Amino acid sequence: MNPSAKQSWRVMKFGGTSVNGPERMNTIADLAEAALKEGRVCLVASALAGVTNLLVQAAEGAAKGEDPEGPLSTFRARHEELARSLGLEQRCGEALEALGADLAKLLRGISLLQECSPGVTALLYSFGERASCALLAELLRQRGLPARLLDPRDLVLCAGDPLEATPQLEGIRERFGPLRDGGDRLVLLPGFFGGDASGKVVLLGRGGSDFSAALAASALDAALLEIWTDVDGIYSADPRIVPEAFPLPELSFEEAMELAHFGAKVLHPKTIAPAREKGIPVSIRDSFRPQLPGSLVTAKAGDPPQGVRGLSWLPGLALVDLRGPGMPGVPGVAARAFGALARQEISVVLITQGSSEVSICIVVKESDGERAAQALQEAFRAELAAGMVEKVELRPGLGILSAVGDGMRTRVGMAAAFTSAMADAGCNIIAIAQGSGERNISLVLSGEDGPRGLRAAHRRCFGTRETLELYLFGVGLVGSKLLELLDRQIPELAAAGLDLRLCGVANSRRMVLEEAGIAPGEARARLQASEEPSSLERLRSSIGVRRPEVAVFVDCSASPVLAEATPGIIAAGLHAVSANKKANAGSLALYRAIREASARSRRRFYYETHVGAGLPVIDTVKGLMAAGDRLLRFEGVLSGSLSYILGRLGEGVLLSDAVKDAMQKGFTEPDPRDDLSGADVARKVLILAREAGMMLEPSDVKLEGLLPADFDDSGSVDSFVARLPQLDEPFRKRVEALRAQGKVLRYAGSVGPDGARTGLLEAGPDHPLFPIQGGENALSVLTAHYSPRPMVIRGYGAGAEVTAAGVLSDVLRLGLGLR
């Protein structure tokens with residue numbers, strides 16, 4: 001026997017994009033030449049990209065009596081041009097001309113009869129592979145490589161439907177025997193088709209070139225099957241839907257079969273079985289980047305650390321629901337359903353049945369949905385008439401999202417993580433199925449929800465980068481500072497794996513919405529130039545149509561209208577981060593409506609800046625209450641601006657000058673009366689009381705402003721500020737008198753047995769608010785656990801920048817918390 005016959009075979013399959021053009025053809029020749037140094041090589045090739053579709057269109061047109069000259073000319077031109085580019089005109093001219101003539105004769109016959117039988121269709125569709133392989137064989141010979149062109153009709157024996165034939169494995173192995181044991185070193189097998197017992201062309205189904213390669217590998221006892229395509233392996237998910245998806249270095253035969261069945265496009269679903277039976281490793285490689293390692297499918301791959309190996313989305317399905325009170329305990333219901341579908345040659349993609357046996361859900365291709373429903377109605381006609389089966393319901397427009405991984409068998413909580421990711425993404429699960437092998441969990445979702453669910457599941461399973469869309473309403477002091485922070489932080493966040501995009505910005509008059517993102521540094525100018533009116537309904541509509549994975553509404557306004565709209569915004573699918581205290585300090589009905597919307601929509605509402613700006617006040621109080629503590633009393637300096645003004649008074653500055661100073665530094669609202677009235681502090685007191693479990697209305701808070709009740713605070717801001725010197729002397733005397741007693745003047749809010757109130761407080765050295773410096777916020781919390789000494793939270797809280805930083809912190813906490 002020739003020594004070369006003892007060398008192992010390597011089967012290398014090249015898809016349509018991998019043979020499409022002179023550069024790609026030369027790459028195949030390079031790879032084949034390199035592989036020949038290690039053993040014998042069987043190349044399997046597809047038609048040039050787009051040629052099979054061209055032949056399908058030609059057949060359909062000819063069957064309608066249309067002139068086939070157009071598709072014929074395109075077919076000839078593409079292959080002749082490739083031959084010229086490769087310098088093969090002389091070598092391939094005769095073979096291509098003969099193929100073109102045979103194709104023309106076949107198409108003219110179809111056009112004349114206006115009929116195209118399955119057998120003729122199979123023959124017609126094989127011309128693409130025959131033409132590409134004729135070119136490739138001559139290219140290899142031109143390079144001096146001993147290429148032998150094989151005829152699949154003589155080797156790939158099949159039976160049954162000419163368009164979806166069944167390979168005869170024993171016959172194929174027998175026919176490959178001379179090759180397996182002979183002396184050929186390099187052979188080329190056109191993919192996609194084979195021959196029946198009489199030698200007529202039959203097809204292995206669309207995408208069947210992978211199947212051809214697997215059958216050849218099995219029959220040749222190959223050491224390796226390589227699938228060369230235009231991607232660098234099998235991905236963790238479809239990268240067209242999940243940009244963060246990554247190639248899998250290894251996976252098992254079982255995992256590959258599951259992923260292929262449920263929609264992974266790299267491998268033909270039937271490809272794995274022949275290789276798995278013989279234990280032949282399958283390597284998926286990128287012919288455009290052959291230096292990459294690709295993915296290796298073997299009998300046993302190491303368990304993935306996440307449990308899940310990969311995710312797939314299979315759209316274009318329909319669910320047929322068979323239900324009724326007469327089904328439980330009745331033997332053979334499922335068998336009858338399967339039988340009815342089998343008689344109509346309808347393949348079942350997935351089936352699930354509840355333990356109550358009241359319902360059987362069967363998933364089929366959407367194109368088969370109507371026939372499946374009719375078949376079941378016919379099969380259960382008597383039960384429908386008797387009321388034992390209530391109805392057969394068809395739900396089209398669905399798909400299956402699957403998580404696949406051998407490691408799922410040993411990981412607790414995989415189903416919970418998978419389904420909770422759907423809930424967080426707002427995807428409704430219509431049906432769920434898991435095999436006893438625990439290698440696959442499949443969820444039936446609407447076609448609209450599928451891509452979003454796939455992205456959410458990928459983030460949950462693999463911890464990959466997520467996109468967080470931000471919609472900012474209000475670009476005053478706080479909103480402008482937030483834009484500055486975003487401009488600085490977005491690049492750093494991207495490096496840390498969080499894709500934060502400003503997708504909307506609005507004020508009370510104008511709006512800009514842009515899915516691709518708005519540069520924060522340009523946002524105010526873009527808003528100023530925008531002609532689109534500000535509209536919450538427009539935002540809700542946009543979110544409802546696109547349904548992004550994580551969308552966050554940020555309210556940096558002081559608008560009561562936006563506060564009232566918060567429940568509807570959350571119900572529309574947006575998380576909410578608010579610096580607008582009116583959302584939490586409005587009516588008790590509004591407070592409850594926000595939380596009900598949050599719970600119902602599984603969307604979060606963060607508002608740490610409502611009290612204490614950037615200080616961790618609200619979360620601390622909520623944490624204490626959640627841990628079972630009981631509030632006895634809290635007192636707080638809750639206004640950074642009033643803290644600053646009273647601090648300046650303590651330094652000897654007059655009241656009117658202290659207020660002007662705070663205004664110039666941006667510590668107050670544009671109208672300082674908003675701060676001096678104490679209304680802002682009252683809102684914070686109300687919020688804290690509610691967080692502690694006291695369901696108070698705004699009117700329950702006793703409000704005393706910083707200024708005397710009889711002081712005239714009417715008119716414009718300028719006229720109001722001009723009258724402030726009238727209070728300079730009374731405040732100076734009061735501060736000095738308190739200093740003589742060792743006390744200080746504070747403006748505080750409190751909640752205790754005597755109710756909720758705000759007003760001026762004279763604090764001595766023993767009071768927890770005594771040491772507070774000008775501009776600081778502080779909260780003294782006396783609880784059952786923190787008693788007799790209260791917990792004190794203290795820090796600077798004045799200024800738009802501090803508040804903006806707190807808002808961004810809430811946004812990031814939300815983004816990171818959803819991972």
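In this predicted model, Asp661 is a buried residue, with a relative accessible area of 12%. Its side chain is nevertheless engaged with a charged partner: Asp661 and Lys665 meet in a salt bridge, with an N to O distance of 2.7 Å. Lys665, for its part, is partly exposed, at a relative accessible area of 47%. The pair therefore joins a buried acid to a partly exposed base, since the 12% of Asp661 falls under the 20% limit for burial, while the 47% of Lys665 lies between the limits of 20% and 50%. Elsewhere, Asp321, Arg323, Lys391 and Glu393 are joined into one network by salt bridges that share partners.

Such pairs are part of a wider set, as the search of the whole structure returns 52 salt bridges. It is helpful to recall that side chains of opposite charge can pair when their charged atoms come close. One of these pairs is formed by Asp619 and Arg813, whose closest N and O atoms are 2.9 Å apart. Asp619 belongs to helix α23 (residues 617-626) and Arg813 to helix α30, so this salt bridge ties together parts of the chain that are 194 residues apart in sequence. Both ends of the bridge are partly exposed: Asp619 has a relative accessible area of 32%, and Arg813 has one of 31%. A further salt bridge brings together the side chains of Arg76 and Glu69, with an N to O distance of 4.0 Å. Here Arg76 is partly exposed at 27% relative accessibility, and Glu69 is likewise partly exposed, at 32%.

Helix α30 appears again in the description of the second largest pocket, where it is among the helices that each supply at least two lining residues. The others in that group are α17 (477-495), α24 (640-650), α26 (673-676) and α27 (679-691). The volume of this pocket is about 820 Å³. Its lining consists of 35 residues, and those closest to the centre are Val478, Ala579, Lys581, Glu669 and Asp680. Which helix gives the largest share of the lining? That is α27, with 3 residues. As for chemical character, the lining of the second largest pocket divides into 11 nonpolar, 16 polar and 8 charged residues. For anyone planning to look into this site, the five central residues combine nonpolar and charged side chains, because Val478 and Ala579 count as nonpolar whereas Lys581, Glu669 and Asp680 count as charged.

The backbone offers several details worth a look in the viewer. Most residues other than glycine have a negative phi, and most peptide bonds are trans. Gln114 departs from this pattern, with a positive phi of about 55° although it is not a glycine. Gln114 sits in the loop between α4 (89-113) and α5. Phe192 is another non-glycine residue with a positive phi, in this case near 85°. The loop that holds Phe192 runs between β6 (186-190) and β7 (193-195), and Phe192 is buried there, with a relative accessible area of 3%. A cis peptide bond, with omega about 10°, joins Ser787 and Pro788. Pro788 is found in the loop between β29 (776-783) and β30 (791-796).

Two further loop residues can be described through their surroundings. Ser126 occupies the loop between α5 (118-125) and α6 (127-142). Is this residue buried or exposed? With 0% relative accessibility, Ser126 counts as buried. Beyond its neighbours within four places in sequence, Ser126 is in contact with Phe193 and Val201. Thr271, in the loop between α10 (253-261) and α11 (272-278), is also buried, with a relative accessible area of 0%. Not counting residues up to four places away in sequence, Thr271 touches Asp210, Phe211 and Ala214.

Finally, a word on confidence. The protein chain has a mean pLDDT of 90, and 97% of its residues reach 70 or more. Residues 1-5 stand apart, with pLDDT staying under 50. For this stretch the model has 10 contacts beyond four places in sequence. Where pLDDT is low, the predicted coordinates should not be read in detail.

Technical notes
Residues are numbered from 1 along each chain as its sequence is written. This is a predicted model: local features need pLDDT of at least 70, side-chain atom pairs count only at pLDDT 80 or more; totals for chains, interfaces and linings use all residues. Side-chain values use heavy atoms; hydrogens and water are left out. On a 1 Å grid over the protein atoms alone, a cavity is a set of points where a 1.4 Å probe fits but cannot get out, and a pocket is an open set with protein on both sides within 12 Å along at least five of seven lines; lining residues have an atom within 4 Å of a point. Grid points are joined across faces, edges and corners, and a volume is the space filled by probe spheres set on the points. Helices (H or I, at least four residues) and strands (E, at least two) are DSSP runs, numbered from the N terminus. Buried means under 20% relative accessible area, exposed over 50%, partly exposed in between (1.4 Å probe, protein chains only). pLDDT is the predictor's confidence in each residue, from 0 to 100. Contact means heavy atoms within 4.5 Å.
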